[in-house]
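User: I'm new to this one and would like a close look at a single part of it, with its surroundings filled in as you go. Could you walk me through it in plain words?

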Amino acid sequence: MNISNRLFGLTIALGCSLLVASVGASLTEIGPWYLALKQPSWKPPDFAFGIIWSAIFTLCAFSGWGAWQVSKTSAQKFRIAFLFALNSLLNILWSWLYFNQHRPDWAMTELYFLWASVLLLIAGLWRMSKISSALLVPYLVWVTTAGFLNAGTVELNGPFA
């Protein structure tokens with residue numbers, strides 16, 4: 001594969017990642033409802049979330065692109081696309097549940113599926129590209145951390161209706 005095709009593929013991966021990040025960000029309203037929530041004392045400052053998510057989505061793009069570059073069959077390419085699409089939908093769903101529907105409790109339940117989808121990505125890419133798989137480990141760590149943060153928010157503020 002020539003360099004222009006590789007760069008085009010990287011551009012597509014970064015564009016898809018930016019699209020998912022943009023949809024999630026559009027659903028993330030830091031307004032009166034969110035600001036009124038009691039948060040765990042260890043919650044990072046709000047500005048840090050944008051930095052963290054930007055880094056994670058960039059790593060996801062490079063992960064997907066790298067795995068795509070070394071995939072040998074259409075079945076492997078389908079697996080890559082399917083796993084990233086599933087994860088993207090779950091990522092967006094979490095934002096919608098938490099910020100749009102004001103249901104951190106439902107988001108907490110959905111987070112188990114999001115976490116599992118990140119683990120599936122890591123495992124699903126491992127045989128194709130250990131580097132692509134490893135690039136997703138910070139995502140798993142962050143979703144785990146976000147899960148504890150989400151659980152703390154539910155504990156401090158629930159029940160939700």
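What span should the 25 residues of α3 have at 1.5 Å a residue, and how far apart are its end C-alpha atoms? Please go on from there to whatever surrounds that helix.

Analyst: Happy to. One thing up front: this is a predicted model.

Let's start with your helix. At 1.5 Å a residue, the 25 residues of α3 should span 36 Å. The end C-alpha atoms of α3 are 37 Å apart, so the two values agree.

Next, which parts of α3 are tucked away? The buried residues are A48, F49, I56, F57, C60, A61, S63, G64, G66 and A67. Some of these sit three or four places apart, and there's a general reason to look out for that spacing. An α-helix has 3.6 residues a turn, so residues three or four places apart point the same way. As for what covers the buried residues of α3, the list includes α1 (3–27), α4, α5, α6 (130–134) and α7.

Take α1 from that list. The axes of α1 and α3 come within 9 Å, crossing at roughly 140°, and the crossing is right-handed. On the α1 side, the contact is made by R6, G9, L10, A13, L14, S17, V20 and A21, while α3 brings F57, T58, A61, F62, W65 and Q69. Sorted by class, the residues of this contact come out as 9 nonpolar, 4 polar and 1 charged. F57 and A61 are worth a second glance: both are in the contact with α1, and both are on the buried list of α3. A21, from the α1 side, is partly exposed, with a relative accessible area of 22%. The C-alpha atom of A21 is 8.8 Å from that of S88, although the two residues are 67 apart along the chain.

Now to α4, another of the helices covering α3. It has 27 residues and reaches 37 Å from first C-alpha to last, close to the 39 Å expected at 1.5 Å a residue. L93 lies in this helix and is partly exposed, at a relative accessible area of 32%. Between the C-alpha atoms of L93 and W115 there are 13 Å, with 22 residues separating them along the chain. Just after α4, H102 takes a positive phi of about 55°.

How does α4 sit against α5? They pack at an angle of about 160°, with axes 9 Å apart, which makes α4 roughly antiparallel to α5. Their crossing is left-handed, and their contact has 18 nonpolar, 4 polar and 2 charged residues.

That leaves α7, which also helps cover α3. Its 21 residues, 137–157, should span 30 Å at 1.5 Å a residue, and the end C-alpha atoms are indeed 30 Å apart. Among the buried residues of α7 are Y139, L140, W142, V143, A146, G147 and N150. The cover over the buried residues of α7 includes α3 (46–70), α4 (74–100) and α5 (104–126), so α3 and α7 each appear in the cover of the other.

Finally, α5 and α7 pack at about 165° with axes 10 Å apart, and are therefore roughly antiparallel. This crossing is left-handed. The α5 residues that meet α7 include M108, L111, W115 and L119, and the α7 residues they meet include L140, V143, G147 and V154. The contact of α5 with α7 has 16 nonpolar, 3 polar and 1 charged residues.

Conventions
Residues numbered from 1 in each chain as written. Predicted model: local features only at pLDDT ≥ 70, side-chain atom pairs only at ≥ 80, totals over all residues. Heavy atoms only, no water. Helix = DSSP H or I, 4+ residues; strand = E, 2+ residues; numbered from the N terminus. Expected span 1.5 Å × (residues − 1). Buried < 20%, exposed > 50% of the residue type's maximum accessible area, 1.4 Å probe, protein only. Contact = heavy atoms within 4.5 Å. Axes fitted to C-alpha atoms, helices over the stretch in contact; angles between N-to-C directions. Parallel < 35°, antiparallel > 145°, perpendicular 65-115°, else oblique. Left-handed = near helix turned anticlockwise from the far one by under 90°. Nonpolar A, V, L, I, M, F, W, Y, C, P; charged D, E, K, R; others polar.
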